[in-house]
Amino acid sequence: MRLLVTGGAGYIGSITTRLLLDAGHEVVVIDSLERGHVPAVDRRAVLVKAAIGDTEILDSVLPDIDVVIHCAGYIEVAESQELPDLYYRKNLAEPSMMLDRMLRHGVRRLVFSSTAAVYGQPEVVPIPEEAPTRPINTYGASKLAFERMIAVTEDAGELEAVRLRYFNVAGAWPDGSLGEAHDPETHIVPRILRVAAGDHPTFTVFGTDYPTPDGTCVRDYVHVVDLAEAHRAAVEYLGDGGTGTICNLGSGRGYSNLEVVGECSSATGVEIEVASGPRRAGDPATLVAGIDRAREVLDWAPKRGLGEMVGDAWRWHSSHPAGYAR
Ligand SMILES: NC(=O)c1ccc[n+]([C@@H]2O[C@H](COP(=O)([O-])OP(=O)(O)OC[C@H]3O[C@@H](n4cnc5c(N)ncnc54)[C@H](O)[C@@H]3O)[C@@H](O)[C@H]2O)c1
């Protein structure tokens with residue numbers, strides 16, 4: 001199929017693009033490059049440097065597209081609390097303009113990068129897709145706002161979308177050629193690996209008194225290549241006439257922060273020093289995905305465990321200590 005990947009110069013979009021190309025699809029990437037990297041975009045894809053709110057560009061690209069995979073977005077929780085208008089612009093207003101142009105050009109299939117942050121504090125763990133959506137930060141609220149836009153457009157019979165709610169994404173392309181390069185980096189695996197690489201003396205754990213086995217937060221990790229495979233499955237599901245749905249993407253099991261540190265120590269052979277910090281406001285003790293829906297609807301299940309995620313991420317970080325700048 002002919003696919004448009006927005007945000008295809010970012011972490012998840014670039015790896016998804018490569019996997020889709022390997023599967024035989026044609027890919028156009030639209031990325032403003034405001035937080036992405038040209039070298040991350042596979043040369044077989046057509047890269048268009050533009051914002052997803054640029055309607056002229058969309059009008060030139062969309063007539064040839066079968067499915068849009070919308071990965072572009074702003075992702076930093078702390079930044080979203082300081083700059084809510086920016087987050088609503090990037091995660092709702094611009095995507096809404098894109099959706100409008102999609103419909104005008106008859107593009108009615110969408111795969112959307114959503115997030116576990118739409119759930120907020122869970123009442124039930126593992127979290128099913130039917131769980132209440134009560135985000136506790138602006139990032140999650142802005143992503144949920146676009147989900148609602150999708151839902152009403154589906155209700156009007158104009159769109160079929162697969163909303164993929166990612167839990168914690170980690171890992172890299174297995175040969176270490178594509179990986180995570182955020183600035184600032186707030187995700188736990190790259191932050192621990194920077195300590196292993198000697199860039200920072202200690203890794204600070206936020207909260208050690210949670211009601212979890214070792215007192216640190218428990219999260220569900222999914223390998224970025226498994227995530228990319230779920231996007232391929234979603235594209236093919238929509239291509240086969242599948243209707244709108246929501247799927248959590250995780251592994252269905254949780255690891256505490258200290259267990260992740262342990263995996264990183266094993267993968268790198270470096271003893272990682274841990275410091276205890278205070279809890280961060282709004283961090284739930286445990287977030288684990290219920291993943292039955294993705295199994296049933298997309299015939300998808302994660303194949304790679306935390307050890308492989310950390311090993312692949314280490315290959316990326318140790319060969320690209322300055323990210324794509326090198
Ligand atoms: N990384 C995670 O763990 C995670 C977890 C849950 C959900 N998500 C979602 O996945 C998506 C991708 O995350 P990521 O980690 O790859 O982020 P990223 O920052 O690495 O990539 C996002 C890309 O989108 C581009 N972009 C941003 N706004 C744009 C715009 N208006 N027009 C065009 N391009 C734009 C950036 O330049 C960047 O290349 C996001 O939508 C995020 O909400 C990510």
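These legends walk through four close-up views of a predicted model.

**View 1. The shell around the ligand.** Start with the ligand, which has 30 residues around it. The closest are Gly-7, Gly-10, Tyr-11, Gly-36 and Gly-73. Sorted by class, the shell splits into twelve nonpolar, twelve polar and six charged residues. Several helices and strands chip in at least two residues each: α1 (11–22), β2 (26–31), α4 (84–104), β5 (109–115) and β7 (168–170). The largest share comes from α1, which gives three residues to the shell.

**View 2. The two domains and where they touch.** Here the chain is split into two domains, each pieced together from separate stretches of sequence. Domain 1 takes in 2–170, 221–251 and 290–302, while domain 2 takes in 188–217, 253–287 and 309–325. Their C-alpha centres sit 26 Å apart. Where the two meet, domain 1 puts in 14 residues and domain 2 puts in ten. On the domain 1 side of this contact you'll find nine nonpolar and five polar residues, but no charged ones.

**View 3. Helix α1 against helix α7.** Back to α1, the helix with the largest share of the ligand shell, this time with its packing against α7 (residues 224–239). The two helices pack at an angle of about 60 degrees, and their axes are 9 Å apart. That angle makes α1 oblique to α7, and the crossing is right-handed. From α1, the residues in the contact are Ile-12, Ile-15, Thr-16, Leu-19 and Leu-20. Facing them from α7 are Val-224, Val-225, Leu-227, Ala-228, Glu-229, His-231 and Arg-232. Tallied by class, this contact has eight nonpolar, two polar and two charged residues.

**View 4. Helix α4 against helix α5.** Another contributor to the ligand shell, α4, packs on α5 (residues 138–155) at an angle of about 20 degrees. The axes of α4 and α5 are 8 Å apart. Angles under 35 degrees count as roughly parallel, so α4 and α5 are roughly parallel to each other. Their crossing is right-handed. On the α4 side, look for Pro-84, Tyr-87, Tyr-88, Asn-91, Leu-92, Pro-95, Ser-96 and Leu-99. The α5 side brings Thr-138, Tyr-139, Ser-142, Lys-143, Ala-145, Phe-146, Met-149 and Thr-153. By class, the contact between α4 and α5 comes to ten nonpolar, five polar and one charged.

Terms used. Residues numbered from 1 in each chain as written. Predicted model: local features only at pLDDT ≥ 70, side-chain atom pairs only at ≥ 80, totals over all residues. Near = placed C-beta within 6 Å. Helix = DSSP H or I, 4+ residues; strand = E, 2+ residues; numbered from the N terminus. Nonpolar A, V, L, I, M, F, W, Y, C, P; charged D, E, K, R; others polar. Domains from an automatic or database assignment. Contact = placed C-beta atoms within 7 Å. Axes fitted to C-alpha atoms, helices over the stretch in contact; angles between N-to-C directions. Parallel < 35°, antiparallel > 145°, perpendicular 65-115°, else oblique. Left-handed = near helix turned anticlockwise from the far one by under 90°.
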